[in-house]
Amino acid sequence: MMKNLLLIACACVALSLLAAPLQADDRSALAEAMEAYLDFTEYGSSVMLPEQIPAEDWPNILVIDARDAAQFEADHIPGATNIEWREVVARRDEIPRDQPVIIYCNTGSLSAQAGFALRLLGWDNVRILQDGLVGWKAKGGFEANQRAIEAAKETGAS
């Protein structure tokens, strides 16, 4: 009986410890890294628009599709590598630091989280594709840059 009470007491203590909210010191290394990043990053510095990338530059960019495997299988930017947004930190050794990296999802929100994590870890070469796959397709895909140039010329000629 005493042994059972001791086991129950240990289980209760363990559960209470697990249930207690984890509170990180607000001066932790993570908090300091986040502060430093947010203090010195420029507005929009981690975002790329499809129209900013000339078609000939795409082969030199590692393009990461941060959506799940089923979404990637259904449709993706040709040449993209599928690394789900939740896995980018665990798989960061697969992501180079010495070449441009574009990460995208459907609209940009999940890839923004993954990109933020990578940038905090020192991947300054990672950019988020603004508006994700949806925006990339709507703006012309690999031809978005050329379309934007032509539209600007037409507007300037008017």
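Biologist: In this predicted model, are the two faces of strand E2 (residues 62–65) covered or uncovered?

Modeller: In a regular strand the side chains alternate between the two faces of the sheet. On one side of E2 lie Leu 62 and Ile 64, and on the other lie Val 63 and Asp 65, and all of these residues are buried. Both faces of strand E2 are therefore covered.

Biologist: Which residues are the bridge partners of Asp 65 in E4 and in E3?

Modeller: Strand E2 runs parallel to strand E4 (residues 101–104), to which 4 bridges join it, and it also runs parallel to strand E3 (residues 81–82), with 2 bridges. The bridge partner of Asp 65 in E4 is Tyr 104, and in E3 the partner is Asn 82.

Biologist: Through which helix does the chain cross from E2 to E3, and is this crossover right-handed or left-handed?

Modeller: The chain leaves E2 and reaches E3 by way of helix H3 (residues 69–74), which makes a β-α-β crossover. The helix asked for is thus H3, and the crossover is right-handed.

Biologist: How many aromatic pairs does a search of the whole structure find, and why is the pair of Trp 58 and Trp 136 edge-to-face?

Modeller: The search of the whole structure finds 3 aromatic pairs. In the pair of Trp 58 and Trp 136 the ring centres are 6.2 Å apart, and because planes over 60 degrees apart count as edge-to-face, the angle that decides the matter is 70°.

Biologist: How many residues apart in sequence are the parts that this pair ties together?

Modeller: Trp 58 lies in the loop between strand E1 (47–48) and E2, whereas Trp 136 belongs to helix H5 (residues 132–138). Both of these tryptophans are buried, and the parts tied together by the pair are apart in sequence by 78 residues.

Biologist: Which residue is linked with Trp 58 and Trp 136 into a cluster by ring pairs, and is that residue buried or partly exposed?

Modeller: Trp 136 also forms an edge-to-face pair with Phe 142, at 5.1 Å centre to centre and 85° between the planes. The residue that completes the cluster is Phe 142, and with a relative accessible area of 28% it is partly exposed.

Biologist: How many residues has the largest nonpolar core, and which have the most contacts inside it?

Modeller: E2, E4, helix H4 (109–120) and strand E5 (126–129) each supply at least two residues of this core. The core has 13 residues, and those with the most contacts inside it are Ile 64, Val 88, Ile 95, Val 101, Ile 103, Leu 118 and Val 126.

Definitions and conventions. Residues numbered from 1 in each chain as written. Predicted model: local features only at pLDDT ≥ 70, side-chain atom pairs only at ≥ 80, totals over all residues. Heavy atoms only, no water. Buried < 20%, exposed > 50% of the residue type's maximum accessible area, 1.4 Å probe, protein only. Pairing = 2+ DSSP bridges. Right-handed = clockwise from strand over helix to strand, strands pointing away. Phe/Tyr/Trp six-rings, centres within 6.5 Å; stacked < 30°, edge-to-face > 60°. Core = buried A, V, L, I, M, F, W, Y, C linked by side-chain atoms within 4.5 Å.
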